[in-house]
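Okay, thanks for squeezing me in. I'd like to walk you through one model this morning, residue by residue where it helps.

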Amino acid sequence: MPLPVRPPGLPGPEPIDRTAPAAGGAARPGAEERTSTARAYARAAGLSGVVFAVLFAVALVLVRQAPRLGDPDAVYAAYYASDSRNLLVTLGLYVVPFAGIACLWHMIATRTLLQVLAPASWSRIPHWLQLASGILFVGMLFVGTAAVGGVALLTRFSDSPPPSPEIARALAAVGYAMVFVYGVRAAGMYMIATTGLARTVGLLSGPAAAVSYLVAAFLLVSTTFHPAILLVFPAWVLVLSIVLLVRRPTGAKTT
């Protein structure tokens, strides 16, 4: 999309010639500096992606100690009486925010890396879809796990009697909807946008991008509530992070 140009003759500052050397004779960053910058952001995106994948898996194992939607009332009653399971779920709730923070670091570092490799990428729709879907995923993750594990917090930090199994099951249903219905699809959209941008700058090969699109499409159409579906996205982030850590981007400008 062409940038708007001020008509000649109107008052205002003169347009800046971005191809000219800066004041003092300093030239624009060269290929060597761009390569160093790209590798630094690739390292940050890779490391934060690995941290996110590990923390997400740990949090999922801990929060999964809470009763499922289809469990009978007796399972919910046993859950209320189990201090160890409540403690594990509570610990999981405290791990989730750190997983979300690591996810945000990975997303922003990846976005910055892509913009270093392709300076015009900010004007493309996938660049902003990636941001929106990544933030939406983290938000759904926070809200959903809070709903699923809210009863554990109540039993750990309150002397009030536990809610009825119907109320606990309703809270779990809200949490499942947030994570499995909305969060999983936001993750799929993030994968599609990131794959397209990474393919454009040469971070992903054609076959790798094709597999990534297929996995993202699976998340978009998935209707299961099985916890294993939640590991697809962090597994994809882990693979992408390893690619970023191993391939060492050159920083070559792409169109």
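**Starting from a serine**

So, Ser-222: with a relative accessible area of 9%, this residue is buried, since the cut-off for buried is under 20%. And yet Ser-222 sits in a loop, the one between α6 (206–221) and α7 (232–247). What does Ser-222 touch, once you set aside residues up to four places away in sequence? Arg-185 and Ile-229.

I should say right away that this is a predicted model, so please keep that in mind throughout.

Let me step back to the whole chain. You've got seven helices and zero strands, so if you read along the sequence the pattern is just α-α-α-α-α-α-α. The chain has 255 residues, and 38% of them are buried. On contacts: take those with a separation of 6 or more, and 81% of them are between residues 24 or more positions apart. As for the outside, the accessible surface comes to about 13700 Å², with 71% of that belonging to carbon and sulfur atoms.

Now the inside. The largest nonpolar core has 56 residues, and the ones with the most contacts inside it are Phe-52, Phe-137, Leu-203, Leu-230 and Phe-233. Which elements give two or more residues to this core? They are α1 (31–63), α2 (73–81), α3 (83–117), α4, α5 (165–200), α6 and α7. If you want one residue to click on, try Phe-52. Leaving out residues up to four places away in sequence, Phe-52 touches Ala-99, Ala-102, Cys-103, Phe-137, Phe-233, Pro-234 and Val-237. Two of those names, Phe-137 and Phe-233, were also on the list of residues with the most contacts inside the core.

Pro-234 comes up again with Val-54. Val-54 is in helix α1, and its C-alpha is 8.1 Å from that of Pro-234, although the two are 180 residues apart in sequence. Is Val-54 buried or partly exposed? Partly exposed, because its relative accessible area is 48%.

**Two threonines**

Next, a pair I'd like you to look at together. Thr-110 is in helix α3, and at 3% relative accessible area it is buried. Its side chain reaches the backbone oxygen of His-106, at 2.7 Å. Beyond its neighbours within four places in sequence, Thr-110 is in contact with Ala-45, Gln-130, Thr-194 and Leu-244. There's also Arg-43, which is 67 residues away from Thr-110 in sequence, with 9.6 Å between the C-alpha atoms.

Then Thr-145, in helix α4 (residues 125–157). Thr-145 is buried too, at 12% relative accessible area. Here a polar atom of the Thr-145 side chain lies 3.2 Å from the backbone oxygen of Phe-142. Not counting residues up to four places away in sequence, Thr-145 touches Leu-93, Val-96 and Val-179.

**One salt bridge**

How many salt bridges does the structure hold? One. It joins Asp-73 and Arg-169, and the closest N and O atoms are 3.1 Å apart. Asp-73 is in helix α2 and Arg-169 in helix α5, so this pair ties together parts that are 96 residues apart in sequence. Asp-73 is partly exposed, given its relative accessible area of 37%.

While you're in helix α2, have a look at Ala-78, which is found there as well. Ala-78 counts as partly exposed because its relative accessibility is 45%. Ala-78 and Pro-67 are eleven residues apart in sequence, and their C-alpha atoms are 9.5 Å apart in space.

**Out on the surface**

Last stop. Leu-47, Leu-238, Ile-242, Leu-245 and Val-246 form a nonpolar patch on the surface, with about 420 Å² of accessible area together. Which element gives the most to the patch? That's α7, with four residues. Ile-242 is one of the patch residues, and its place is in helix α7. Ile-242 counts as partly exposed, because its relative accessibility is 44%. And α7 is also among the elements that give two or more residues to the largest nonpolar core, so do rotate that helix and look at both.

That's what I have. Happy to go back to any of these residues on the screen.

Note on methods. Residues are numbered from 1 along each chain as its sequence is written. This is a predicted model: local features need pLDDT of at least 70, side-chain atom pairs count only at pLDDT 80 or more; totals for chains, interfaces and linings use all residues. Side-chain values use heavy atoms; hydrogens and water are left out. Buried means under 20% relative accessible area, exposed over 50%, partly exposed in between (1.4 Å probe, protein chains only). Contact means heavy atoms within 4.5 Å. Patches are made of residues with over 30% relative accessible area and no salt bridge: like charges are joined within 9 Å, nonpolar side chains (Val, Leu, Ile, Met, Phe, Trp, Tyr) within 5 Å. Accessible areas come from the Shrake-Rupley method with a 1.4 Å probe; for residues, only the protein chains shown count as cover. A salt bridge is a side-chain nitrogen of Lys or Arg within 4 Å of a carboxyl oxygen of Asp or Glu. A polar contact is a pair of N or O atoms within 3.5 Å; within protein, one must be able to donate a hydrogen and the other to accept it, and residues adjacent in sequence count only if both atoms are side-chain atoms. A nonpolar core is a set of buried Ala, Val, Leu, Ile, Met, Phe, Trp, Tyr and Cys residues joined through side-chain atoms within 4.5 Å.
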